[in-house]
Amino acid sequence: MHSELKDYLLNEGKAPLDYVLDKFENHEIVLLGEMHYIRQQVEMYHRLIPLLPEHGINLFATEFGRREDQALIDELLGKEQFDFPLAKLITLRQEAFWGYQEYLDVYRLIWEQNRKNPPDRQIRCIGLNDPYNWKLYNKICREQKREPNAEERKLIWKDCDEKNWLRALNKYHVPGVTKVLGIMGSHHAFTRYREPDFTEEGGRKVFAGFNKVRFGNQVHEEYGDAVCNICFYDPWDSLESDAPPKAPGGGIIEDIISPHFSELAFDLKDSPVGELADDSFYSLGYKDFRLRDISDGMIYTCKLTEFKNLTPIPDFIDADNLQEFRDYAPFNYDTDKSCEEINRIIAESAETW
């Protein structure tokens, strides 16, 4: 198995950008599932974006923008000059603590392409994320100093469902005409794989059913083999509650690739790599879990020990948007803090790696 695996990776693996773009030869929708907070993964989007127009990829669907802010996203990408405060607003409303340069630069790079290219090669950026009503949540917490009741929670979570991510995509995707690159957390991007629920018993995660239906599941149900899901090579949670994360497939992928390539992409479906067994959290509910079960392909960006931190945006929260932050901070977290304190929290959160 080891020699077959090595032969496959070293001879059949591809440069990640080529790999992703090649998938559009047989698919209309390609979903990239990331772990979050890893600079190399977001920088791969940066390298992909300038290549999208020449490959006929005209829709860019992102978790890092809200459906409710689609008009703001359209406004930003249509401006003659890049509007940094507007880009910050879109980013903040999606997640109030998401003040990282690499993610904001995704918007800037799409904007740059749309300035360079003719109308028939413009990139439409689609915001997928849910419109959590943090304003209402935080108003109740602050003004009435209590948690929302059941009826109020229904209003706060109204329309927050990944079925609505699919509806947002379907407003713009025309089968046979448009092509979609999607970027999002890995769990949202699952297509064939069903994510398990779990309880914890005796310090170990115990399977509790398949109850979640993710965006990728919804897309795959509607579009079938027109969809491809690619995950990144990330550390995966262990079945033991307090154990450190583990490398997919036991670490052999990195052992083979790292002496030869700084980055590499490869199939999991119908490949020797996909036959690797794995006993991480993702194996819950599966009798004989293999890497092929979780995704169609995988992108290795570096050794797990070489992940780089994101870059905090200096003064992401300032006097001009402090109230906006206080409205959109989830669960009223840190809304009593100063701009300096909030920016420090954002910077410290980037130090995951």
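**Sheet and ring packing**

Colleague: Which strands does helix α4 lie across?
Modeller: In this predicted model, helix α4 (residues 70-78) lies across β2 (59-66) and β3, and it runs at about 155° to β3.

Colleague: And helix α9, what does that touch?
Modeller: Helix α9 (residues 162-170) packs on the sheet, with contacts to β1, β2, β3 and β4. Its direction makes about 165° with that of β3.

Colleague: OK, what's the strand order in the sheet?
Modeller: The order is β3-β2-β4-β1-β7-β9-β8, so to speak from end to end: 7 strands in an open sheet with mixed pairing.

Colleague: Which strands stand at the edges?
Modeller: β3 (124-129) and β8 (264-267). Each has a single partner strand, so one side of each has no neighbour in the sheet. From one strand to the next, the twist averages 25°.

Colleague: How do β1 and β4 run, parallel or antiparallel?
Modeller: Parallel, with 6 bridges joining β1 (residues 29-34) to β4 (residues 180-185). Val30 stands opposite Leu181 in β4.

Colleague: Switching topic: how many aromatic pairs are there?
Modeller: The whole structure has 30. Take Tyr137 and Phe331: their ring centres are 5.5 Å apart and the planes sit at 90°, so that pair is edge-to-face.

Colleague: Where in the chain are those two?
Modeller: Tyr137 is in helix α7 (residues 134-143), while Phe331 is in the loop between α12 (322-328) and α13 (339-349), 194 residues apart.

Colleague: Is Tyr137 buried or exposed?
Modeller: Buried, because its relative accessibility is 3%. Phe331 is at 35%, so it counts as partly exposed.

Colleague: What sits over the ring of Phe198?
Modeller: The charged end of Lys205, 5.9 Å from the ring centre. Phe198 also belongs to a cluster linked by ring pairs, including Phe190, Tyr193 and Trp236.

Conventions: Residues are numbered from 1 along each chain as its sequence is written. This is a predicted model: local features need pLDDT of at least 70, side-chain atom pairs count only at pLDDT 80 or more; totals for chains, interfaces and linings use all residues. Side-chain values use heavy atoms; hydrogens and water are left out. Two strands pair if DSSP finds at least two bridges between them. Helices (H or I, at least four residues) and strands (E, at least two) are DSSP runs, numbered from the N terminus. Axes are lines fitted to C-alpha atoms, for helices over the stretch in contact, and angles run from 0 to 180 degrees between N-to-C directions. Contact means heavy atoms within 4.5 Å. Rings of Phe, Tyr and Trp (its six-membered ring) pair if their centres lie within 6.5 Å; planes under 30 degrees apart count as stacked, over 60 as edge-to-face and the rest as tilted. Buried means under 20% relative accessible area, exposed over 50%, partly exposed in between (1.4 Å probe, protein chains only). A charge sits over a ring if NZ of Lys or CZ of Arg is within 6 Å of the ring centre and within 35 degrees of the ring normal.
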